[in-house]
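Here is a short briefing to read alongside the structure. Take a moment with the view below, and then we will walk through it topic by topic.

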Amino acid sequence: MGPQLSVSFTGLRFDNPFLLASAPPTESDSNIMRAFDAGWGGVVTKTIGLHPVVNVAGPKTRFLRATPDSPHLSMQRRPGSALHSSWNWELISDKTIDWWVPRLGRIKQAYPSRILVASIMAGSGSDEELANWQTLAVACQNEGVDALELNLSCPHMDRKDMGSNIGKDQELISIVAQVVKQVSRVPVWAKLTPSTTDIVEEARAAFLGGADAITSSNTFPSLPLIDPETLEFEMNVDGMVSSGGLGGPAILPLSMAKMAELTQAFPDKAFSGIGGIADFSHALNYFLLGCGTVQVCTAAMLDHAVGPNVVHRLLSEMRTAMERRGWETLEDFRGIRRDRVVPHSRIRRPDAKAYHGGYEAEGYAAPEAPTTTKA
Ligand SMILES: Cc1cc2nc3c(=O)[nH]c(=O)nc-3n(C[C@H](O)[C@H](O)[C@H](O)COP(=O)(O)O)c2cc1C
């Protein structure tokens, strides 16, 4: 018998640990069904809210590309360039809950054994707003969704009581998790923003409120670059820009650092890792740090909008890696590098004789030879 790719996460059985993250790939029932056909183990819907949503004029996402052997970084598509990151200022779903509800039901009827997670978001500034979280949770779970993901992390909401703005407020995180848990019959995951001082504190607040898992990371707050010829931001409307979110390869190491903090602080809790995943070697980082599932956005957007080749590659590379190492399930390697991340002071220093100050490495000038003064 070959390795087993299926996993159990927050009490749910997934055919494999690879999910499409809440984003354009999951913005419609047709996309989500195509994603299940392609082989994704689960799908998190584009975030569903109750407030009307109107996106900015023009493109909502573009991709920053690097040119090998040159420092050139730009959103211009050009031959031979490599993906650096995605940048977006897209809001949550611009479809209403009434649009989503029958579709969630139809997806679950068509794919009863696949895991469908509804991402939801409301405000939190009043009891009425908090009740909106419950309205959304109940409406989605009545259609048979398997779990709820609380969006506490969208980096470009104007409202002070929404998205990453509440993702920085531990008390509100706890309250929102608690309010949703009061009405939920399904697991509740909290998606946190990486843009905080100490993400462990936000995760603690979510767990205290009853969250069953933490998802990290959402995109990192950032700006598009300024074109040196036109002096305009590479993405703008009428010359204006606002903070948006960086995703894709550039955030893999950043998001890993957040995940390492989380899994070390709560080794027995469930974590879904996101950020810069396009193949199994990327996903492996999150598994080795302790994640039970991972999610993909940017790489899937660039692969026929829902990532059929990406998931195919993830599955075949995972199978091959497990066969090669004799791993039977994800549990055989989940978390086995979690404890290798330590305070800087615990990293070994060489003894005086072997000390070269690290100057032998790329990027440093050769150390100056000690000057000998002639008598
Ligand atoms: C265009 C775009 C829209 C997104 N919309 C949402 C959203 O509605 N809800 C959410 O929780 N995350 C949203 N995200 C964040 C992604 O789910 C994911 O956390 C992020 O892109 C990092 O993953 P990646 O490096 O694979 O892109 C969005 C990302 C992009 C690029």
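## Strands, core and ligand shell

Strand E10 (residues 188-192) and E11 run parallel and are joined by three bridges. Within that pair, Ala190 has Ile214 in E11 as its bridge partner. Please keep in mind that this is a predicted model. The notes below start with the barrel and then turn to the open sheet, the cores, the ligand shell and some backbone details.

**The barrel**

- Eight strands close into a barrel, and their order is E3-E4-E8-E9-E10-E11-E14-E15.
- The pairing in this barrel is parallel, and neighbouring strands are turned by 25° against each other on average, with direction ignored.
- Both faces of E11 are covered. Ala213 and Thr215 lie on one side, Ile214 and Ser216 on the other, and all of them are buried.
- Strand E14 (residues 270-274) runs parallel to strand E15 (residues 293-296), and three bridges join the two.
- Ile274 finds its bridge partner in E15, namely Gln295.

**The open sheet**

- Five strands make up an open sheet with antiparallel pairing, in the order E6-E5-E7-E13-E12.
- Why is one side of strand E6 (73-74) and of strand E12 (220-222) left without a neighbour in the sheet? Each of these strands stands at an edge and has a single partner strand, so no neighbour is there on one side.
- At one of these edges, two bridges join strand E5 (residues 61-66) to E6, and the two strands run antiparallel. Here Ala66 stands opposite Leu73 in E6.
- Further along, E7 and strand E13 (residues 244-247) run antiparallel and are joined by three bridges. Ser86 stands opposite Gly247 in E13.
- E12 pairs with E13 over three bridges, again in the antiparallel sense. Pro221 has Gly245 in E13 as its bridge partner.

**Nonpolar cores**

- The largest nonpolar core has 84 residues. Those with the most contacts inside this core are Leu20, Val43, Ile120, Leu148, Val176 and Ala190.
- Helix H4 (residues 170-183) gives the most to this core, contributing six residues.
- A second core, separate from the largest one, has seven residues, among them Leu64, Trp87, Ala250 and Ile251.
- Which residues does Leu148 touch, not counting residues up to four places away in sequence? They are Val117, Ala118, Ile120, Ala137, Cys140, Gln141, Val180, Ser184, Val186 and Val188.

**Around the ligand**

- There are 29 residues around the ligand, and Ala21, Asn88, Gly247, Cys297 and Thr298 come nearest.
- Strand E7 (82-88) and helix H8 (298-301) are the elements that give two or more residues to this shell.
- By type, the shell divides into 11 nonpolar, 14 polar and four charged residues.
- Gly247 links two topics here: this residue is among those nearest the ligand, and it stands opposite Ser86 in the pairing of the open sheet.

**Backbone details**

- The peptide bond from Ser216 to Ser217 is cis, with omega near 15°. Ser217 is found in the loop between strand E11 (213-216) and E12.
- Thr10 has phi near 45°, a positive value in a residue other than glycine. Thr10 has its place in the loop between strand E1 (7-9) and strand E2 (12-14).
- Asp69 also has a positive phi, near 60°, and is likewise a residue other than glycine. Asp69 is found in the loop between E5 and E6.
- Is Thr10 buried or exposed? Thr10 is buried, because 21 other C-beta atoms lie within 10 Å.
- Asp69, by contrast, is exposed, because 6 other C-beta atoms lie within 10 Å.

**A closer look at Asn16**

- Asn16 lies in the loop between E2 and strand E3 (18-20).
- With 20 other C-beta atoms within 10 Å, Asn16 is buried.
- Leaving aside neighbours within four places in sequence, Asn16 is in contact with Leu5, Ser6, Gly41 and Leu315.
- Asn16 and Glu261 are 245 residues apart along the chain, and their C-alpha atoms are separated by 25 Å.

Technical notes
Residues are numbered from 1 along each chain as its sequence is written. This is a predicted model: local features need pLDDT of at least 70, side-chain atom pairs count only at pLDDT 80 or more; totals for chains, interfaces and linings use all residues. Two strands pair if DSSP finds at least two bridges between them. Helices (H or I, at least four residues) and strands (E, at least two) are DSSP runs, numbered from the N terminus. Axes are lines fitted to C-alpha atoms, for helices over the stretch in contact, and angles run from 0 to 180 degrees between N-to-C directions. A residue is near a molecule or strand if its C-beta atom, placed from the backbone, lies within 6 Å of it. Ala, Val, Leu, Ile, Met, Phe, Trp, Tyr, Cys and Pro count as nonpolar, Asp, Glu, Lys and Arg as charged, and the others, Gly among them, as polar. A nonpolar core is a set of buried Ala, Val, Leu, Ile, Met, Phe, Trp, Tyr and Cys residues joined through C-beta atoms within 7 Å. A residue is buried if 20 or more other C-beta atoms lie within 10 Å of its own, exposed if 12 or fewer, and partly exposed in between; C-beta atoms are placed from the backbone. Two residues are in contact if their C-beta atoms, placed from the backbone, lie within 7 Å.
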